[in-house]
Amino acid sequence: MSRKWRWLVAAFALAFAFLFVAAEPMQYISKGDESVFTTRNLVRGSQGNDVRELQGRLKHLGYYKGKIDGDFGWGTYWAVRNFQYKFGMKVDGVVGDNTRTRLVRATRGYNPWAAGGGGGSSGGGGGSAPKASAPATKSANYGGKNISANDLKLLANAVYGEARGEPYIGQVAIAAVILNRIDNPNFPNTVPGVIFQPGAFTAVADGQIWLTPNAQATKAVQDAIKGWDPSSTAIYYFNPATATSKWIWSRPQIKRIGRHIFCR
């Protein structure tokens, strides 16, 4: 082959490679990363490992009920919209920078590799996730329950956001309600799933869940985990001065602690 033809072949190959790379969004996937999200906008019809992670995180919070298959279908679309609505964002079903950031923040400690949310090829979302260890969050044992550091922090955030003006016993009762829901088959069985269940807690809806909890809120959570339940096994509570739902008033009431009525 002449030098001229070799140059032409090389130039053609380089141009083809450039077009191939430009057509495929970079996935930035690494087994050691906490996230396999890409920087592209995810919309209905998108496919890939980043969609798998999106579905995994939404499922972790209780918004998504379908299979984690890397296919952005209608189930994923409505889960995204519900998440956006509850977090006060623009509700459009599109996962851009803001939605992606808020979702990652709401699922701190989530490991997409351990949960099966990553892996596979860089473009198709196929194949199985590589085997990985459990999420790298330290755990503590309270009253026989193994609670991750992330769950403990999230519980303290919820107690502080919901009841920081309440007496200490009332704060323990709020934590107990969350734990009671985890043990109840009618609710999600994880701390994040219960706390971020759509419409469950005012502190999530108005953003107070992200306030920094004080030591008292953390201690209240620890006491509840150890088995103290001032709510007497309640799974609901409400403030009668602000409650507008007729349904919550219909629940069998157990007791009142501070400004909250606890009920079944």
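**A walk through the helices, salt bridges and hairpin**

Let's start with a pair of charged residues: R57 is buried, and E53 is buried too. Keep in mind that this is a predicted model. R57 and E53 form a salt bridge, with their closest N and O atoms 2.7 Å apart. Both residues belong to helix α2, where they sit four residues apart, or about one turn of the helix. That spacing suits a pairing within one helix, because an α-helix has 3.6 residues a turn, so residues three or four places apart point the same way. And side chains of opposite charge can pair when their charged atoms come close.

Before going further, step back and take in the whole chain. You'll find ten helices and five strands in it. The protein chain has 264 residues, and 43% of them count as buried. If you take the contacts between residues at least 6 apart in sequence, 55% of them join residues at least 24 apart. On the outside, the chain exposes about 14000 Å², and carbon and sulfur atoms supply 56% of that area.

Back to the salt bridges. Searching the whole structure turns up five of them, and R57 with E53 is one. Another is formed by D97 and R100, whose closest N and O atoms are 2.4 Å apart. These two are in helix α4, and because they are three residues apart there, about one helical turn separates them. Are D97 and R100 buried or exposed? D97 counts as exposed, because its relative accessibility is 55% and the exposed class begins over 50%. R100 has a relative accessible area of 9%, so R100 is buried, the limit for that being under 20%.

A further salt bridge brings together the side chains of D223 and K219, at 3.3 Å from N to O. Here the helix is α9, residues 215-225, and the two partners are four residues apart in it, which means about one helical turn lies between them. D223 is buried, with a relative accessible area of 16%. K219, at 45% relative accessibility, counts as partly exposed.

Now look at helix α3, which runs over residues 74-86. This helix has 13 residues and reaches 18 Å from its first C-alpha to its last, close to the 18 Å expected at 1.5 Å a residue. Which residues of α3 are buried? They are T76, Y77, A79, V80, F83 and Q84. Go around the helix axis and these residues cover an arc of only 165 degrees, so they lie on the same side of α3. What covers them includes two helices you've already met, α2 (49-61) and α4 (97-106). Just after α3 comes G88, which takes a positive phi of about 70 degrees.

For the last stop, turn to a pair of strands. Strand β4 covers residues 253-257 and strand β5 covers residues 260-263; the two run antiparallel, and four bridges join them. One of the residues to look for is Q253, whose bridge partner in β5 is C263. Together β4 and β5 make a hairpin with two residues between the strands, and in this hairpin G258 takes a positive phi near 60 degrees.

Definitions and conventions. Residues are numbered from 1 along each chain as its sequence is written. This is a predicted model: local features need pLDDT of at least 70, side-chain atom pairs count only at pLDDT 80 or more; totals for chains, interfaces and linings use all residues. Side-chain values use heavy atoms; hydrogens and water are left out. The expected span of a helix is 1.5 Å times one less than its number of residues. Buried means under 20% relative accessible area, exposed over 50%, partly exposed in between (1.4 Å probe, protein chains only). The arc is that of the directions from the helix axis to the C-beta atoms. Contact means heavy atoms within 4.5 Å. A salt bridge is a side-chain nitrogen of Lys or Arg within 4 Å of a carboxyl oxygen of Asp or Glu. Two strands pair if DSSP finds at least two bridges between them. Accessible areas come from the Shrake-Rupley method with a 1.4 Å probe; for residues, only the protein chains shown count as cover.
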